[in-house]
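Trainee: I am new to this structure and would like to learn how its descriptive words are earned. Could we go through a few of them together?

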Amino acid sequence: MSDPITISSNELLARFVIRSSWFRQDNTVRPEAFMPRPVPHLDLSTTRRNGIELHELWEIGRAIAANRLDSEKRAATLYGRADVFAGIFSKNNLAMTIDLFPKNHVNIIGWPADKSSLMRIAKEIAASAVFVPIPKEYESQ
Amino acid sequence: MPMTTTIAGPEEFRATWFPSDELGDVRAVPRHHSRDNYSLGWAPVFDDLDQLAQECREPNWDGYGASPVTAAAVSLARQFLNVLPVESGPFSVGAIPSGDVTFEWYRSPRNTLSVIVDLNGQIHYAALLGASSVHGSEFFWGEVPPRLLTLIHDFSLFRAGGAA
């Protein structure tokens, strides 16, 4: 794992939404979209918006969707992305690390082990998130 | 500041949640429990749970490396559904990367309650209540823990006077 980095609190990070249950009918984001994966350690995968073209951003999202196959081996649907300001993570005592691949990848780490605390933080993040549906022109390329 | 409640075991659970001065509040909450909420109008919720079980039964169902939602996790979630008061709706079903099933009561992004039914027999909950929040964990003994029941009651259609 790389060392934590500092990202401006005003910088946007995107979390790709590949489950319809991760956003509500009013286009708000459910906390499940921001719950970290448990293994190998608690972390949440996001993509940094700075220094990346919009089409590159959606390509990364589509690659993540393609990586998730259902029981009939079909790729998942990319519904959109949930944008949050990086400051919401530091406000909740979480840290950020970067990976070289995929491009602009940022891992959110430092999560508490207790699941009720995890959910509380995920709810705080989700409440600040803006859901951006995938534009028609990026749905399939 | 968020409030945290974690109960260590049965004795501590009873001592904490059933002191005599709290019984009145607990009894004030409607508790029309049913062992078969499916037949009492909850079929769509149970159907959502079945669909979720189907969609999340394989590893990596979220594209980020999630653990599968097992039959045991679904069974426990079903048990939880069957001990909720029938007037607890509306709420929705979900899953998290650990493979646990979740339930959400929602009014607005800062006025929501989420419950995690954990395979280790615990119920974890977290609520945003405007500017404040509350969260905690309790063991699931076949009944909804009283403090969580009060929160569910506050978010339910019954309490909202008919408003979703």
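Mentor: Gladly, and let us begin with A:Tyr79, which has a relative accessible area of 29%. This is a predicted model, in which local features need pLDDT of at least 70 and side-chain atom pairs count only at pLDDT 80 or more, while totals for chains, interfaces and linings use all residues. Residues are numbered from 1 along each chain as its sequence is written, chains are lettered from A and ligands numbered from 1 in the order in which they are written, and side-chain values use heavy atoms, with hydrogens and water left out.

Trainee: Why is A:Tyr79 called partly exposed?

Mentor: Buried means under 20% relative accessible area and exposed over 50%, with partly exposed in between (1.4 Å probe, protein chains only). A:Tyr79 has 29%, so the residue is partly exposed.

Trainee: What makes B:Phe80 and B:Phe140 an edge-to-face pair?

Mentor: Rings of Phe, Tyr and Trp (its six-membered ring) pair if their centres lie within 6.5 Å; planes under 30 degrees apart count as stacked, over 60 as edge-to-face and the rest as tilted. B:Phe80 and B:Phe140 are 5.9 Å apart centre to centre, with 70 degrees between the planes, so they pair and count as edge-to-face. B:Phe80 lies in helix α4 (residues 71-83) of chain B and B:Phe140 in the loop between β6 (132-139) and α5, so the pair ties together parts 60 residues apart in sequence. Helices (H or I, at least four residues) and strands (E, at least two) are DSSP runs, numbered from the N terminus.

Trainee: How do you know whether these two rings are buried or exposed?

Mentor: B:Phe80 has 0% relative accessibility and B:Phe140 has 13%, so both count as buried. The two also belong to one aromatic cluster with B:Phe91, B:Phe103 and B:Trp105.

Trainee: Why is helix α5 of chain B called mostly covered?

Mentor: In this helix (residues 146-155), 7 of the 10 residues are buried. Among them are B:Pro146, B:Leu148 and B:Phe155.

Trainee: What makes the charged end of A:Arg15 sit over the ring of B:Tyr64?

Mentor: The rule asks for NZ of Lys or CZ of Arg within 6 Å of the ring centre and within 35 degrees of the ring normal. The charged end of A:Arg15 is 3.8 Å from the centre of the B:Tyr64 ring, so the distance part is met, and the pair is listed as a charge sitting over a ring.
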